[in-house]
Structures are given as C-alpha cells and as structure tokens.
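Here is a brisk report on one structural model. Read it with the coordinates open.

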2 protein chains.
Amino acid sequence: MNKSRVTVVDIARAAGVSKSTVSLVLQSSPLVNETTRAKVNATIRELGYVYNRGAANLRQSASSRIIGIIVNDLTNSFFAELAVGMDMVMQSAGYVQFLSNSAESVDRQREVIASMREHGIAGLIISPARGTEASDLKPLAASGIPVVAVVRNVVGAKVSTLFSDNYAGAKDAVRHLIDLGHSRIAFLGGIANTTVFTERVQGWRDALAEAGLDAPDNCVVGSTASRAGGVAAIERALSLPEPPTAALCFNDAAAFGVCDGLRTAGKEPGRDFGVVGFDDVIEAETAVPALTTVSVDPQGMGRRAAQMLLKQVNAGRVEPEAIVSSVRLVVRQSCGAGLKDRTRRISA
Amino acid sequence: MNKSRVTVVDIARAAGVSKSTVSLVLQSSPLVNETTRAKVNATIRELGYVYNRGAANLRQSASSRIIGIIVNDLTNSFFAELAVGMDMVMQSAGYVQFLSNSAESVDRQREVIASMREHGIAGLIISPARGTEASDLKPLAASGIPVVAVVRNVVGAKVSTLFSDNYAGAKDAVRHLIDLGHSRIAFLGGIANTTVFTERVQGWRDALAEAGLDAPDNCVVGSTASRAGGVAAIERALSLPEPPTAALCFNDAAAFGVCDGLRTAGKEPGRDFGVVGFDDVIEAETAVPALTTVSVDPQGMGRRAAQMLLKQVNAGRVEPEAIVSSVRLVVRQSCGAGLKDRTRRISA
DNA sequence: TGACAAATTTGGAACGATCCAATTATTTGA
DNA sequence: TCAAATAATTGGATCGTTCCAAATTTGTCA
C-alpha cells in the first residue's frame with residue numbers, strides 16, 4: 001500500500017511536535033514529558049512507523065548493532081551449533097548478524113568480508129576457512145573493527161582468539177583408553193596440516209609416550225573430517241599388520257563413520273573396539289552406542305565468542321585476547337567402559 | 001589508525017575531481033572518461049576507501065541488497081543445508097543475509113523480524129517457527145517486502161511458498177515397503193498438528209488404503225522430530241500387541257533414532273525391520289545401514305527459495321506464487337531392499 | 001508578581017552517497 | 001572558424017536520523 005516510508009517527520013507532524021522530540025522519544029530519553037511521550041508513541045503505532053537504523057548509523061559516532069559471523073562449514077553440526085550459540089547471545093544483546101558460510105573457500109570468504117564491511121559491521125566472528133591468511137583479516141583490524149577467530153587459528157593475525165584445548169582433550173581421551181587396557185590405539189580421521197589436527201595428534205602421541213606405549217606413524221590415519229572419512233580411516237586401520245583395538249577420532253562425525261565401518265567389518269563398536277570422538281555434538285548422546293567423546297560444547301563456545309566480541313565492541317578499544325576453552329571427556333558406551341556386565345574381549 | 005572513515009569527498013579531493021565523479025566511478029558508469037576512472041580507482045585503493053552501503057540506501061529509490069533468512073532450527077541438519085543453499089545463491093547474487101535461528105520461538109521470531117525490518121531488508125525467507133500466525137508476516141507484506149515461506153505453511157498469510165511434496169513422498173515410500181512384502185507399516189516420529197506431519201501421514205494412510213491394508217491409529221506414533229524422538233517412537237511401536245515390521249519415519253533424524261532403538265531391542269534395521277526416512281540429509285548416505293529415504297534435497301530447495309525471492313525483489317512487485325517441489329524415493333539399505341543378492345554378514 | 005531555575009521542546013547542521021539539472025570541455029561537420 | 005552535437009564533469013538538494021545550541025514553557029520562592 002504505502003510506497004513511501006513513514007519517517008520521524010511524518011510522526012512529528014501527525015503528533016504536533018518537532019522531529020527532535022520524536023527522536024528523543026525513540027531513544028527513550030528521560031528529557032521528554034510523559035504526556036508527550038505517550039502521544040508520540042501512539043502516533044508511531046498508528047502510522048506503522050519503522051525505525052531506520054541505516055539512517056541513524058550515518059552519524060559517525062554510532063556503532064551499528066550489526067555483527068558478522070563467518071563459518072567454514074555450516075552443514076557440519078559442530079559449526080551449526082557454534083553459530084546457534086552466537087545467535088542466542090547476539091539476539092538478546094539486540095544485535096543482528098550477517099551469517100555466512102565460506103564453505104572452506106578463502107575467495108568466498110574474502111568476498112563476504114568485503115561485503116560485510118561495506119554494510120558496516122561493528123565486529124566479526126570468524127571460524128576461518130582453511131588457508132586463511134593474516135592479510136585477509138588485516139583491513140578489518142586496521143579500521144578498528146574487532147575480530148574474534150574461533151576454533152581455528154590464523155597465523156600472524158593480531159585478533160582475539162577462542163580455541164578449545166585440543167591437546168589436553170586428546171591426551172585425556174587416550175589416557176582413558178589406556179586405563180581401559182588398550183595398548184594399540186589409533187588416531188583416525190581429520191585433515192593433516194591443520195592446527196587442530198596437529199594439536200590433537202600431539203595429545204595422542206604424548207599420552208601414549210607417558211604410558212610407555214608406542215605411537216607408530218601408521219596409526220595416524222588422516223582423511224576428511226566427516227562420516228565418510230571415518231569409514232575410510234577405520235578400513236585402512238583394520239588392514240594394518242597389527243591392527244589397533246581402539247581409536248581416538250578426529251571429531252564426532254569421523255567417529256560415527258568409524259562405528260559404521262566397524263559394523264561393516266563385523267565388529268561392534270564399544271564391545272570389540274574402543275571408539276572415542278571429539279566435539280560432543282548433539283547426536284553423540286543418543287547414538288547407539290552412545291559416543292564417548294571429548295566435550296567441546298560448541299554452543300557454549302559460540303556464546304563465549306559472542307560475549308567476547310560484544311565486550312570489545314562496547315569497549316571501543318581492540319585489545320586482542322586469547323582464550324583457551326577447557327574441554328572434558330564424557331564417558332559413554334562407545335569406548336567400552338562400563339561393559340563389565342557384557343563380555344569384554346578387548347585384551348587380545 | 002584512521003578513526004574517521006574515508007568518504008567519497010576525501011577521494012574526490014585527493015584525486016582532484018568532484019564527489020559526483022567519484023560516485024559515477026563507483027557505479028562503473030560509462031559516462032566517465034577512462035583516464036579519470038583509472039585515477040579515481042587508484043586513489044580509492046590508496047586511501048583504503050570502503051563503500052558505505054548504508055548511506056547509499058538512504059535515497060528512497062534504492063533497494064538494499066540485504067535479505068533476511070529465519071530458520072526454525074539450525075541445529076537440525078535439514079535446515080542447516082537449506083540455509084547453506086540460500087547462502088550460495090545470495091552470495092553469488094551479491095546479497096548478504098541476516099541469518100537467524102528462531103529456535104521454534106515465535107517471540108524470538110517476531111523480534112528478529114522487527115529488527116531485520118529496521119535494518120532495511122529487501123526480502124525475507126522464513127521457515128516459520130511452530131505457531132507462526134499470518135499477522136506475524138503481515139507488516140512485511142504491507143510495506144511491500146517480498147516474503148517466501150519454505151518447508152512450513154503459515155495459514156492465511158499471503159506470501160509465496162515453497163514446500164516439498166510431502167504427500168506424494170510419503171505415499172511412494174509406503175508403496176515401496178508394501179512392494180517389499182510388509183503389511184504392518186507404522187508411521188514414526190514427528191509432532192502431530194503440524195501441516196507437514198498431517199500431509200505425510202495422509203500419504204501413508206492412502207498408500208495403505210489403496211493396497212487394501214489396515215492403517216490403524218495406534219500405528220501412528222508421534223514424538224519430537226529428532227533422533228531421541230525416533231528412539232521413543234520405535235519403543236512404543238514395538239510394544240504394541242501386533243508390532244509393525246516396517247515404518248515410514250517423519251524425518252531422517254527420527255529414522256536414525258528408530259535404527260538406534262531397533263538395535264537396542266536386538267533387531268537389525270534393514271534385515272529385521274524396514275526403515276524409511278524423509279529428507280535425505282547428508283548422513284543418510286554414509287550411515288550404516290544406508291538410509292532409504294525420500295529425498296527432498298534441502299540445499300536445492302534453499303537455492304530455489306532464494307532464486308524465487310530474488311526474482312520478486314528485482315521485479316519490484318509482489319505476486320505471491322506457490323511452488324511444490326517434487327521429491328523422490330532413494331532406495332538404500334535400511335528398508336531391506338536388495339538384501340537377497342548381498343550376503344549380509346551382520347548376523348553375529 | 002517578577003526573577004530565576006528547571007524542565008521541555010525545537011531548528012538546523014551534520015552523516016555519506018546518489019541523482020538531477022546545469023555547466024564546461026571536446027568533437028564534429030560544413 | 002564557428003555553431004551544433006557529444007562527452008565529461010559538477011554543485012547542490014536529498015534520503016532519515018542524531019545532536020547541539022538555543023528557545024520556550026513550567027515551576028518555585030521571595
């Protein structure tokens with residue numbers, strides 16, 4: 001119906017006050033008389049006025065109440081949960097987010113960053129695509145826009161970071177498998193040459209070393225960090241001359257794949273082979289067998305990242321801080337623990 | 001460093017032209033001389049100018065190149081995929097999207113819509129939270145902002161829609177189970193009283209009726225549309241006096257839960273019980289057993305919805321159109337088909 | 001009642017880009 | 001060489017809000 005939008009001036013005219021007064025009402029300033037406020041508010045409702053934030057943000061002082069979120073793979077439930085956590089915080093803080101999926105493409109990521117910048121984001125949270133360079137984030141930092149990198153590292157970038165404690169988590173998980181009596185423990189799935197992978201493998205290696213056990217290189221089987229990758233990895237692992245009896249998997253998706261692969265090979269995960277995942281995605285709890293995994297609480301991490309960014313946006317100054325989010329092992333069934341009632345056949 | 005942003009005027013001064021010329025260069029107008037264009041572009045790069053879309057959108061003619069996407073549950077991979085499909089199209093069309101998760105809360109959804117409106121979205125794609133009313137979308141339509149509702153219906157809302165053919169998909173799936181020799185087929189999972197649920201149950205019912213089979217009410221076991229819901233539903237179904245031998249599940253998540261529940265009950269999905277899902281999420285293919293499911297291609301649907309919206313945004317006029325996206329049954333292993341040729345060594 | 005303080009209200013100039021109408025520079029043709 | 005046509009450039013008003021300084025109204029107290 002109305003092609004031309006209703007503005008403060010329209011409200012002012014209709015309510016018989018000046019546009020300045022309307023503006024004051026909009027920001028619920030204590031300066032305006034209650035009677036006037038009521039009258040203006042009534043008119044606003046009556047005319048169906050919609051506040052135009054774009055116009056308001058034009059004045060240079062204002063910061064925009066829009067933040068950007070870029071995630072490398074939204075189809076992965078870990079990152080979806082992460083995004084949902086951020087969304088929650090942003091929403092209750094009265095912010096809206098541009099949320100985009102880079103799909104691991106640095107080019108798309110660059111485009112999205114540029115676009116978000118043109119739209120005036122007040123800050124950015126990014127789970128960087130593989131291959132992201134410091135120069136991709138440089139211009140943001142240079143113009144004083146706070147950036148928080150989550151999950152993955154960007155070498156050389158002077159931005160705030162929030163990572164999970166991959167090393168400690170992996171170490172705990174492997175220690176637990178050792179306590180259960182395993183001595184040949186593999187590391188399955190995940191793409192080598194990523195920081196996260198390296199950190200987790202290092203935890204795996206150190207836990208084995210501290211227990212005086214071997215950590216042969218052929219027991220680290222990389223692949224994609226997905227269900228399909230897990231299937232491929234366990235296949236390779238089972239064909240080794242001395243196959244492992246348990247594995248720490250790169251993430252939960254891979255762990256589910258490992259379980260699938262075990263079943264295809266006639267082995268029951270938990271009973272015949274200990275499987276531990278990483279991340280604790282929602283399905284880990286309800287899967288059969290329930291997945292023992294290192295809980296990273298992606299939603300919580302998302303919330304924390306969002307809070308971190310908002311703090312910086314509000315403070316105005318950008319002082320990069322680095323937070324390592326602690327993780328904890330959640331023991332369920334896939335590792336074989338608590339199987340005392342069932343026949344245990346782990347000791348070969 | 002630079003606290004004050006670089007504007008067209010700064011560029012103009014530095015390049016020795018007028019701001020109007022700079023503006024023309026920005027829109028790559030053919031009016032400007034090549035030499036001038038090169039000079040201006042150089043200055044733009046040199047000063048690190050960032051285009052301010054907010055300012056440009058102020059002129060009443062312009063439409064904003066921002067669109068809103070609201071999804072009811074981003075942690076569900078179906079909707080995550082849907083969002084990713086939309087993201088792809090929007091990105092290549094040069095749009096950015098506000099992407100928010102309503103988490104099935106109409107209140108949050110209302111807030112988000114209001115906020116997006118204030119930020120000047122050119123259009124909205126929404127997968128509505130349960131309980132969304134036409135009045136929630138009314139103001140958008142009234143101000144000429146095109147809206148596309150996907151997946152779920154909003155009764156009485158005069159907006160464009162894109163749904164999958166739930167009825168035909170369910171019917172095909174049940175027919176397939178009947179062809180495999182099943183006669184007691186349940187419908188498991190999903191929340192009753194939703195359009196999607198009703199349509200799928202109707203397909204189930206009609207397929208049974210056409211085959212002259214019974215469709216008893218106690219064979220429809222509602223629950224949440226999640227993995228946990230599937231577990232609960234199959235438990236209930238198996239405790240019926242005459243338990244079913246196969247089931248069409250509300251969606252893939254529920255189907256996975258049903259598989260889990262079957263295993264806990266000592267039955268192997270596919271071999272001992274036919275399971276068919278709905279949606280065809282990514283994991284359906286790699287799960288063990290691979291899930292037979294009605295393929296909805298969420299990413300494709302997302303892309304289609306985005307194209308639909310963009311068409312309307314560009315056209316300027318809003319003429320609601322309704323599209324029903326066809327689906328197809330993807331036969332894999334969980335239904336028990338093709339078990340004759342393949343010697344299954346699952347039997348322990 | 002008048003002087004002064006406090007409470008409200010209000011023009012008008014920003015903010016950064018666009019776009020129209022008008023101006024200036026360059027070609028073209030006879 | 002000059003008018004007419006074409007190409008290129010430009011000032012200024014405008015979009016919808018905020019914010020300052022100034023103006024107006026209301027209230028208080030001697």
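What follows covers the overall fold, the chain contact, the DNA surfaces and a few single residues.

**Overall fold**

This is a predicted model. Chain A holds 13 helices and twelve strands. The C-alpha atoms of chain A fill a box of roughly 90 × 45 × 35 Å along the principal axes. The radius of gyration of chain A is 26 Å, whereas a compact globule of 348 residues would have a value near 20 Å. Half the story is burial: 50% of the 348 residues of chain A count as buried. Among contacts in chain A with a separation of 6 or more, 71% join residues 24 or more positions apart.

**The core**

In soluble globular proteins, nonpolar side chains tend to be buried together. The largest nonpolar core here has 188 residues. Which of its residues touch the most other members? They are L188(A) and L188(B). Beyond its neighbours within four places in sequence, L188(A) is in contact with V221(A), G230(A), A233(A), I234(A), A237(A), A247(A), C249(A), F250(A), A254(A) and V258(A).

**Helix 13 of chain A**

Helix 13 of chain A covers residues 298-315. Its 18 residues should span 26 Å at 1.5 Å a residue, and the end C-alpha atoms are 26 Å apart, so the two values agree. Buried residues in helix 13 of chain A include M301(A), A305(A), M308(A), L309(A) and Q312(A). P298(A), G302(A), A306(A), L310(A) and V313(A) are buried in this helix as well. An α-helix has 3.6 residues a turn, so residues three or four places apart point the same way. Just after helix 13 of chain A, G316(A) takes a positive phi of about 85 degrees.

**Where the protein chains meet**

The contact takes 54 residues from chain B and 54 residues from chain A. On the chain B side, the elements that give two or more residues include helix 6 (106-118), helix 7 (134-142), helix 10 (227-238) and helix 11 (252-264), along with strand 2 (96-101). Helix 5 of chain B gives the most to this side, with seven residues. By class, the side of chain B that touches chain A has 22 nonpolar, 20 polar and twelve charged residues.

**The DNA surfaces**

Two DNA strands, C and D, are lined by protein residues. Around DNA strand D there are 28 residues, and T7(A), S23(A), S18(B), T36(B) and L58(B) come nearest. Elements giving two or more residues to that surface are helix 1 (8-15), helix 2 (19-26) and helix 4 (53-56) of chain A, together with helix 2 (19-26) of chain B. Helix 2 of chain A supplies the largest share, four residues.

DNA strand C is surrounded by 27 residues, the closest being S18(A), T36(A), L58(A), T7(B) and S23(B). Here, helix 2 of chain A and helix 2 and helix 4 of chain B each give two or more residues. Helix 2 of chain B gives the most, with four residues. The classes are set out below.

| Surface | Nonpolar | Polar | Charged |
|---|---|---|---|
| near DNA strand D | twelve residues | twelve residues | four residues |
| near DNA strand C | eleven residues | twelve residues | four residues |

**Single residues**

Most residues other than glycine have a negative phi. Which way does the phi of N193(B) go, positive or negative? Phi of N193(B) is near 70 degrees, a positive value in a residue other than glycine. N193(B) sits in the loop between strand 6 (185-188) and helix 9 (195-210) of chain B. With 9 other C-beta atoms within 10 Å, N193(B) is exposed.

D279(B) also has a positive phi, about 125 degrees, and is not a glycine. D279(B) belongs to strand 9 (residues 274-279) of chain B. Is D279(B) buried or exposed? D279(B) counts as buried because 28 C-beta neighbours lie inside 10 Å, and the cut-off for burial is 20 or more.

V9(B) lies in helix 1 (residues 8-15) of chain B. V9(B) is exposed, since 11 other C-beta atoms lie within 10 Å. V9(B) and V22(B) are 13 residues apart along the chain, and their C-alpha atoms are separated by 8.2 Å.

S334(A) follows strand 12 (328-330) of chain A. S334(A) is buried, with 29 other C-beta atoms within 10 Å. S334(A) and V275(A) are 59 residues apart in sequence, yet 5.2 Å apart in space, C-alpha to C-alpha. Not counting residues up to four places away, S334(A) touches residues including C259(A), P269(A), G270(A), V275(A) and L291(A).

Notes: Residues numbered from 1 in each chain as written. Chains lettered and ligands numbered in written order. Predicted model: local features only at pLDDT ≥ 70, side-chain atom pairs only at ≥ 80, totals over all residues. Expected span 1.5 Å × (residues − 1). Buried ≥ 20, exposed ≤ 12 C-beta atoms within 10 Å, placed from the backbone. Core = buried A, V, L, I, M, F, W, Y, C linked by C-beta atoms within 7 Å. Contact = placed C-beta atoms within 7 Å. Near = placed C-beta within 6 Å. Nonpolar A, V, L, I, M, F, W, Y, C, P; charged D, E, K, R; others polar. Rg over C-alpha atoms; globule rule 2.2 N^0.38 Å.
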